[in-house]
Amino acid sequence: MKLAPKWTFDLSGNLNAWTVNNHRWKHWLAQPEGRYWFCDAFSGHFVGGHLLGGQYNWGNLDMPFKFLGTDFRKLKDFRYQGWMVGAGIVYGYSWILNRHWNIEAAIGLGYVYSRSDVYECADCGKKVRTKVPHNYIGLTKAAIDIIYTF
């Protein structure tokens, strides 16, 4: 949504409500974002800031690596169910295809705080830890979008 000649507002949402082959990556996420465009709104380079928040239920995921202080290997043996909030900055570029269609690429970095209950396996109901906090600094957005403008 255009707010001023060089300012826009974007609202992204994510939903994954399914379990596939006993792999659990259920979550919902909302991410409002304010953007400043260097040329005109919806055209060329932009920078911005975003907030994010959501809930998750992750487990039985084979991700054998650590990244920026987060040990993703734990997702194989435990299930994490909790919530998250965060904020970040974003840079992107939008290519105009015609009067109504654009392609946009964006990348964002930021901070996310989460708190979760930990269960002993992806399908088990036995809770082994409660309200475990986690701090994450890193990628908070990576997108290639097809945009329709009204």
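Reader: In which strand is the place of Arg-35?
Author: This is a predicted model, in which local features need pLDDT of at least 70, side-chain atom pairs count only at pLDDT 80 or more, and totals for chains, interfaces and linings use all residues. Residues are numbered from 1 along each chain as its sequence is written, and side-chain values use heavy atoms, with hydrogens and water left out. Helices (H or I, at least four residues) and strands (E, at least two) are DSSP runs numbered from the N terminus, and the place of Arg-35 is in strand E4.

Reader: Is Arg-35 buried or exposed?
Author: The classes rest on relative accessible area, with buried under 20%, exposed over 50% and partly exposed in between (1.4 Å probe, protein chains only). Because Arg-35 has a relative accessibility of 3%, this residue counts as buried.

Reader: With which side chain does the side chain of Arg-35 make a polar contact?
Author: Contact (heavy atoms within 4.5 Å) links Arg-35 to residues including Trp-7, Asp-10, Phe-46, Glu-104 and Lys-141, leaving out residues up to four places away in sequence. A polar contact is a pair of N or O atoms within 3.5 Å; within protein, one must be able to donate a hydrogen and the other to accept it, and residues adjacent in sequence count only if both atoms are side-chain atoms. At 2.6 Å, the side-chain partner of Arg-35 is Glu-33.

Reader: Which element gives the most to the largest nonpolar core?
Author: A nonpolar core is a set of buried Ala, Val, Leu, Ile, Met, Phe, Trp, Tyr and Cys residues joined through side-chain atoms within 4.5 Å. The largest one has 13 residues, of which Trp-58, Leu-75 and Met-84 touch the most other members. Two or more residues come from each of strand E5 (44-59), strand E8 (79-96) and strand E9 (101-119). With 3 residues, the element that gives the most is E5.

Reader: To which backbone nitrogen does the side chain of Tyr-136 reach?
Author: Tyr-136 is found in strand E10 and counts as buried because its relative accessibility is 15%. Its C-alpha atom is separated by 7.6 Å from that of Leu-68, which is 68 residues apart along the chain, and, not counting residues up to four places away in sequence, Tyr-136 touches Phe-67, Thr-70, Gly-110, Tyr-111 and Val-112. At 2.9 Å, the backbone nitrogen that its side chain reaches is that of Leu-139.

Reader: What is the phi of Lys-131?
Author: Most residues other than glycine have a negative phi. Phe-42, in the loop between strand E4 (23-37) and E5, nevertheless has a positive phi of about 70° although it is not a glycine. Lys-131, in strand E10, is exposed, with a relative accessible area of 55%. This residue other than glycine also has a positive phi, near 50°.

Reader: From which element does the largest share of the nonpolar surface patch come?
Author: Patches are made of residues with over 30% relative accessible area and no salt bridge (a side-chain nitrogen of Lys or Arg within 4 Å of a carboxyl oxygen of Asp or Glu), with like charges joined within 9 Å and nonpolar side chains (Val, Leu, Ile, Met, Phe, Trp, Tyr) within 5 Å. Areas come from the Shrake-Rupley method with a 1.4 Å probe, and for residues only the protein chains shown count as cover. The patch of about 990 Å² includes Trp-95, Ile-103 and Phe-150, and its members also include Trp-101, which counts as partly exposed at 37% relative accessibility. The largest share, 3 residues, comes from E10.
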